[in-house]
Amino acid sequence: MKRKRARRGLVPLVALTLALIMALGTVPHVALADEADGAPVRAGVTASDDGAGGEGKVSPVPPVGVASPGDGPSSSAQGTVVENPLSLERQTGASLREELTAGGVHVESEPLRRAPAPTPQAVEVTDFASLKAAIEGKQPFVTLKGNDFEFTETLGIDYALTITAGDGFAPKFFRGDSFYGTLIKVSEQGSLYLGEDGTDVNLVFSGKGKNGAPQGASALIETAGKLVINGADFVDNTIGYVEVDSKKAPMIANGESASIVFHCGSIKNNRTHQQYTLNPNTWPFAPGAILLQDGAQMTMNGGSVSNNKALNWDASMAGDVGAISGGDVTGNPGQTAGAILAQGARAAVSITDGNIADNDAADWKGAGGIKVCNGAGLNMTGGTLSGNKGGIGGVLIGDVLYDQLNGKRKNMAADELRQIAGQRSNFIMQGGSIENNAGSYFAGGAMVSGNATFTMNAGSISGNANKDGGGGVLAYDWIIWEYAGSEAGGSDRPSISSSEWSEIFPAAFTMNGGTISNNKALGEKFKELGGFGDGDGGGLLVKSNEVRLNAGTFTGNSAGKHGGAIHVKTVPYRLNVTDVLIYDNGSDNEGGGIWICPIGDFEAKIQDGAVIYGNTAANAGDDFYSKEKHQDFFNVESKNHFSVILPERFPDGTKISWYSDDHGTRYKAGDAAVAPTVLENGEKGYKALVNAGDASASNLKIFNNHAGDGGGGIGSNGYLEIGAPTEQNPPSYKDLKVVKEWDGTLTPSEVQIRLSINGREIETVTLNEANDFTVTFRKLPAEINGTPIEDLISLEEVSERPDWVGFVVGENIEHGKVTVETWNENGGSYSERHQVLTVKTRNVINDDKLVFVEGTKTWQDDGNKYGKRPDSIKITLRANGVDKQTIEVTQKDGWKWRFDNLPKYEDGKEILYSVAEEAVAGYVTEINGYNITNTWDGDAPDDPVKPTPKAPRTPATPATGDDGVSLAFGVALLGSAALLIGLLGRPREDS
């Protein structure tokens with residue numbers, strides 16, 4: 001058998017490689033020291049959070065069985081400690097890797113393997129007595145190797161303790177028959193880790209006694225320090241009637257040093273009973289599952305909080321809640337809130353992920369999902385609130401103030417109202433979803449009430465429903481309770497002005513982005529939730545003067561009565577919207593786009609105004625409908641409002657044509673347009689027709705919404721203003737006056753002027769003697785996206801006259817040369833500041849700009865006697881003898897031609913133009929200036945002699961015989977030589 005002889009040098013190199021690889025097993029263990037407590041960990045680095053709401057930090061990854069820094073106590077271990085983790089590879093393996101690579105051996109990039117640090121020895125306990133002894137002895141690691149731990153007293157922990165469960169054990173902590181206290185209390189200096197990081201401790205804290213009966217009188221666990229839950233379950237704890245001013249729950253964290261980090265496990269099936277009181281200042285604070293107070297925080301990364309009941313007032317989780325970045329809070333019934341109640345200036349809830357679902361608040365003033373009040377804050381960047389039910393389905397910011405204010409407004413001064421308002425609460429939504437929640441009385445999705453604010457920058461509020469109003473969002477400042485259109489509503493006017501009221505109770509909703517979609521305000525028309533009430537504002541119900549809709553989308557929302565997307569409930573509420581598209585909305589009765597009630601006002605201005613068209617209504621007013629005006633009984637401002645002002649243009653300057661569209665006399669094609677600039681105390685419907693304007697600049701989009709009675713897009717019983725707010729008082733529009741002047745050598749003639757704004761054609765008008773060659777483009781937007789309209793305007797004269805030229809005097813419309821006027825319409829009932837821009841254009845003879853060349857063909861052939869005249873000829877224009885363009889001329893053209901818009905000069909010299917004709921068979925051509933005469937040449941043959949084509953050449957025959965043999969032999973010889981060279985180059989073989 002033959003074997004290959006290895007190449008020189010390969011055997012020693014392989015041997016060296018094997019030796020070095022074997023040497024890796026002797027690399028000493030290296031541990032990384034955590035800067036906080038020196039806990040040894042294995043090699044590797046991860047980004048982590050300490051779970052207490054602090055900043056994330058880069059932490060080493062611990063070995064299996066060793067608590068991670070931040071989530072477990074420290075311990076000692078054998079091995080070298082490396083202060084700088086980045087130097088680890090360099091100290092242990094970099095030089096070795098470099099040596100192997102230099103030797104010609106390929107090294108994979110897999111990190112070197114090291115032995116893990118040894119797990120610290122844990123004390124094993126089997127019952128309550130041994131557990132108590134271990135804790136009193138301050139043992140840092142305890143392993144439970146028993147199933148029943150019957151507590152007869154509270155165990156206090158004032159150091160760092162990790163509790164794990166032995167394999168095959170299912171330990172349970174429960175109270176003895178005569179013990180009703182808390183099982184474990186962690187002091188401010190203590191830390192308790194239930195399970196190691198990533199390992200479920202499989203431990204149950206039970207509220208039942210040894211015999212299985214409820215044994216709960218207080219919390220299962222309380223902490224003033226740090227509590228980290230890696231899998232424990234807290235179940236079946238029942239707390240009896242909690243007296244006024246007391247604070248109890250199955251799990252309590254108290255104080256600024258207290259934190260709960262919940263990674264895994266559950267808190268479920270707990271009950272807390274509370275004494276009933278109507279005074280919110282003396283409510284017992286007793287949630288069904290978790291209470292966090294006086295600065296305590298919770299971080300929920302996973303696990304579940306489910307089916308915990310807070311009877312009478314509170315929620316499942318209450319107090320200074322902290323962060324929710326994962327896990328589920330589901331199926332919890334409560335009174336004030338089903339899932340979470342954050343109350344007080346210290347309280348703050350941050351939701352980045354997780355699911356808060358199917359919770360229920362029994363109180364008609366409670367929130368099924370989350371309530372934040374009295375100075376608390378909520379920040380949502382992710383996660384989902386879904387399927388929750390209550391008076392408010394999803395989120396309540398602030399308090400429902402019916403009991404505090406109803407019937408008392410007229411007797412309360414500002415200071416007393418401020419005491420009721422308390423501290424301001426805030427909700428900022430930057431992501432996530434509030435979806436499919438149901439409100440039995442107020443909003444389905446979210447309600448901002450009283451002294452509170454809600455800012456929506458992104459995210460989705462979708463699929464929520466409410467019986468009365470505000471399917472998606474309700475903003476309510478409580479200045480009224482009864483409908484303002486009735487005398488009963490006017491009997492409870494506050495003692496202060498509406499502007500003062502808004503300072504105390506803003507109920508502010510600001511929308512800068514996001515989507516409000518597919519929400520329903522059901523009302524009496526729908527029975528999905530046993531509907532009652534009005535059913536106004538499918539997407540948003542406005543009962544506040546502090547609603548700002550800057551950007552975002554309303555789509556797919558519906559209302560039983562008014563305002564499929566948005567409804568302004570009544571006076572004295574005022575809503576201003578800008579840069580809005582209202583399109584493709586519908587109503588089963590009136591006002592597919594906008595509907596205004598008998599006590600409402602409407603004013604639409606072009607500046608930052610509306611694009612409204614393409615809406616439909618079953619009975620009247622496809623795009624707009626206004627009811628006949630009635631007396632306004634609720635006159636906080638002592639003023640009746642009866643006017644409607646419709647826009648003449650879109651924000652981009654596109655002209656709107658309005659048409660009458662009333663009951664019984666609907667719009668039909670061919671109707672004459674109307675100009676409803678001001679409508680006072682009349683009932684009228686309108687349809688808008690436009691050459692679709694540019695809606696791309698609309699920041700707020702309202703489309704595909706529906707109302708049962710009026711206002712598929714927007715309905716209003718209050719004051720609705722579209723466009724730049726009145727209080728800013730800018731010039732809301734500008735007129736452009738164009739005056740045509742004529743050169744003295746020209747006879748004035750009718751011309752057309754085309755106006756373009758920002759490159760978009762807007763309007764073309766005719767100037768003639770009848771209008772004194774003057775036209776005014778009225779009510780153009782004063783600016784577009786911050787740019788003055790005069791910087792965006794361009795004018796073009798549309799004319800077919802090549803013998804004169806029109807141009808604008810001056811290259812630009814200068815700001816300093818405009819005339820500022822004030823326009824008062826209808827005897828001063830409506831006034832608006834505006835500016836008039838005057839532009840002059842002039843027409844001059846075309847003697848130094850452009851020329852034209854025209855000519856005629858003359859045939860001299862006895863009327864085409866011989867039938868040889870062609871159907872067309874080709875004429876070429878030459879400039880200074882150079883061909884410029886060629887055209888085809890036919891009998892249909894009258895055998896005439898014309899070259900227009902030709903430059904007269906080139907390089908300061910006048911251009912000499914001439915024409916030439918492509919030769920016509922049988923004719924002699926004569927050119928006289930730009931005219932051409934073709935004369936039949938009778939001596940010319942009818943059919944020219946065609947040349948006889950030459951015979952094609954016979955291709956040469958390819959070579960054959962000896963030449964082919966020689967070529968084949970040469971190729972074979974070259975192949976043999978290559979084969980021989982390959983054999984000689986192979987490694988030698990030995991026998």
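**Figure 1. A four-stranded open sheet in the predicted model.** In this predicted model, four strands line up as β79-β76-β84-β83 and form an open sheet. The pairing is mixed. β79 (896–903) and β83 (923–928) stand at the edges. Each has a single partner strand, so one side of each is left without a neighbour in the sheet. On average, neighbouring strands here are turned by 20° against each other, direction ignored.

**Figure 2. The β83–β84 pairing.** β83 pairs with strand β84 (residues 931–936) in the antiparallel sense. Six bridges join β83 and β84. Thr925 stands opposite Asn934, a residue of β84. In general, strands of a sheet pair through backbone hydrogen bonds, either parallel or antiparallel.

**Figure 3. Centre of contacts in the largest nonpolar core.** The largest nonpolar core holds 134 residues. Phe205, Phe454, Phe509 and Leu549 touch the most other members. The close-up is on Phe205. Residues up to four places away in sequence are not counted among its contacts. Phe205 touches Phe173, Leu183, Ile184, Leu194, Leu220 and Ile221, among others. Its contacts also include Ala232, Asp233, Phe234 and Val235. In soluble globular proteins, nonpolar side chains tend to be buried together.

**Figure 4. A second, separate core.** This core has 20 residues and is separate from the one built around the Phe205 view. Among its members are Val751, Val765, Phe777 and Leu837.

**Figure 5. The Glu256–Arg346 salt bridge.** The structure holds 29 salt bridges, and the side chains of Glu256 and Arg346 form one of them, at 2.5 Å from N to O. Glu256 lies in the loop between β18 (251–254) and β19 (259–268). Arg346 lies in the loop between β28 (340–343) and β29 (348–357). The pair therefore ties together parts that are 90 residues apart in sequence. Glu256 is exposed, with a relative accessible area of 59%. Arg346 is partly exposed, at 48%.

**Figure 6. The Arg778–Glu648 salt bridge.** The side chains of Arg778 and Glu648 meet at 3.4 Å, N to O. This pair links distant parts of the chain, 130 residues apart. Arg778 sits in strand β69 (residues 774–781). Glu648 sits in the loop between β58 (643–645) and β59 (657–660). Arg778 is partly exposed, with a relative accessible area of 27%. Glu648 is buried, at 18%.

**Figure 7. The Asp662–Lys684 salt bridge and a salt-bridge network.** Asp662 and Lys684 form a salt bridge, with their closest N and O atoms 2.9 Å apart. The two residues are 22 apart in sequence, and the pair links distant parts of the chain. Asp662 belongs to the loop between β59 and β60 (678–680), while Lys684 belongs to strand β61 (residues 684–689). Asp662 is buried, with a relative accessible area of 14%. Lys684 is partly exposed, at 22%. Asp622, Asp661, Arg666 and Lys687 are linked in a network of salt bridges.

**Figure 8. Two cysteines in a model without disulfides.** With a cut-off of 2.5 Å between cysteine sulfur atoms, the count comes to zero disulfides. Two cysteines are shown for their accessibility. Cys264 counts as partly exposed, at 35% relative accessibility. Cys373 counts as buried, at 1%.

Conventions: Residues numbered from 1 in each chain as written. Predicted model: local features only at pLDDT ≥ 70, side-chain atom pairs only at ≥ 80, totals over all residues. Heavy atoms only, no water. Salt bridge = Lys/Arg side-chain N within 4 Å of Asp/Glu carboxyl O. Buried < 20%, exposed > 50% of the residue type's maximum accessible area, 1.4 Å probe, protein only. Core = buried A, V, L, I, M, F, W, Y, C linked by side-chain atoms within 4.5 Å. Contact = heavy atoms within 4.5 Å. Pairing = 2+ DSSP bridges. Axes fitted to C-alpha atoms, helices over the stretch in contact; angles between N-to-C directions.
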